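Here is a brief report on a protein model. The sequence and the structure come first, then the notes.

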Amino acid sequence: MANVPPINSVVKVIKALTEKDPRLGQTGAVIQYSEHGMVCVHFSDMPTGQGIFFNPHHLQIIES
């Protein structure tokens, strides 16, 4: 498995599926993992408890 950021760590999206992905370059907090090793990131403009799943290779840990 990739270097998975710990829960509550702050991560930056460094790669996205499309160049126009609005989350590219944004930072958020890790809130959960999927059973397939994807990382769920919560961004400040989302309701509490919601997030978007990313491949851990597409995230850079800013603060753990």
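## The β2–β3 hairpin

In this predicted model, Gly37 adopts a positive phi near 90° in the hairpin of β2 and β3. Five residues lie between the two strands.

Strand β2 covers residues 27–33 and pairs with β3 in the antiparallel sense. Four bridges join them. Val30 has Val41 of β3 as its bridge partner.

## The sheet

The hairpin belongs to an open sheet of five strands. The order is β4-β3-β2-β1-β5, with antiparallel pairing. β4 (52–54) and β5 (59–63) each have a single partner strand, so one side of each has no neighbour in the sheet. Neighbouring strands are turned by 50° against each other on average, direction ignored.

At one edge, β3 and β4 pair over three bridges. Val39 stands opposite Phe54 there. At the other edge, β1 and β5 pair over four bridges. Here Val11 faces Ile61 of β5.

## Both faces of β3

Side chains in a regular strand alternate between the two faces of the sheet. In β3, Val39 and Val41 are buried on one side. Cys40 and His42 are buried on the other. Both faces of β3 are thus covered.

## The core

Nonpolar side chains tend to be buried together in soluble globular proteins. The largest nonpolar core here has nine residues: Val11, Val13, Val30, Val39, Val41, Phe43, Met46, Phe54 and Leu59. β1 (10–13) and β3 (39–42) are the elements that give two or more residues to this core.

Leaving aside residues up to four places away in sequence, Phe43 touches Val13, Arg23, Gln26, Thr27, Gly28, Ile52 and Phe54.

Methods
Residues are numbered from 1 along each chain as its sequence is written. This is a predicted model: local features need pLDDT of at least 70, side-chain atom pairs count only at pLDDT 80 or more; totals for chains, interfaces and linings use all residues. Side-chain values use heavy atoms; hydrogens and water are left out. A nonpolar core is a set of buried Ala, Val, Leu, Ile, Met, Phe, Trp, Tyr and Cys residues joined through side-chain atoms within 4.5 Å. Buried means under 20% relative accessible area, exposed over 50%, partly exposed in between (1.4 Å probe, protein chains only). Contact means heavy atoms within 4.5 Å. Two strands pair if DSSP finds at least two bridges between them. Axes are lines fitted to C-alpha atoms, for helices over the stretch in contact, and angles run from 0 to 180 degrees between N-to-C directions.
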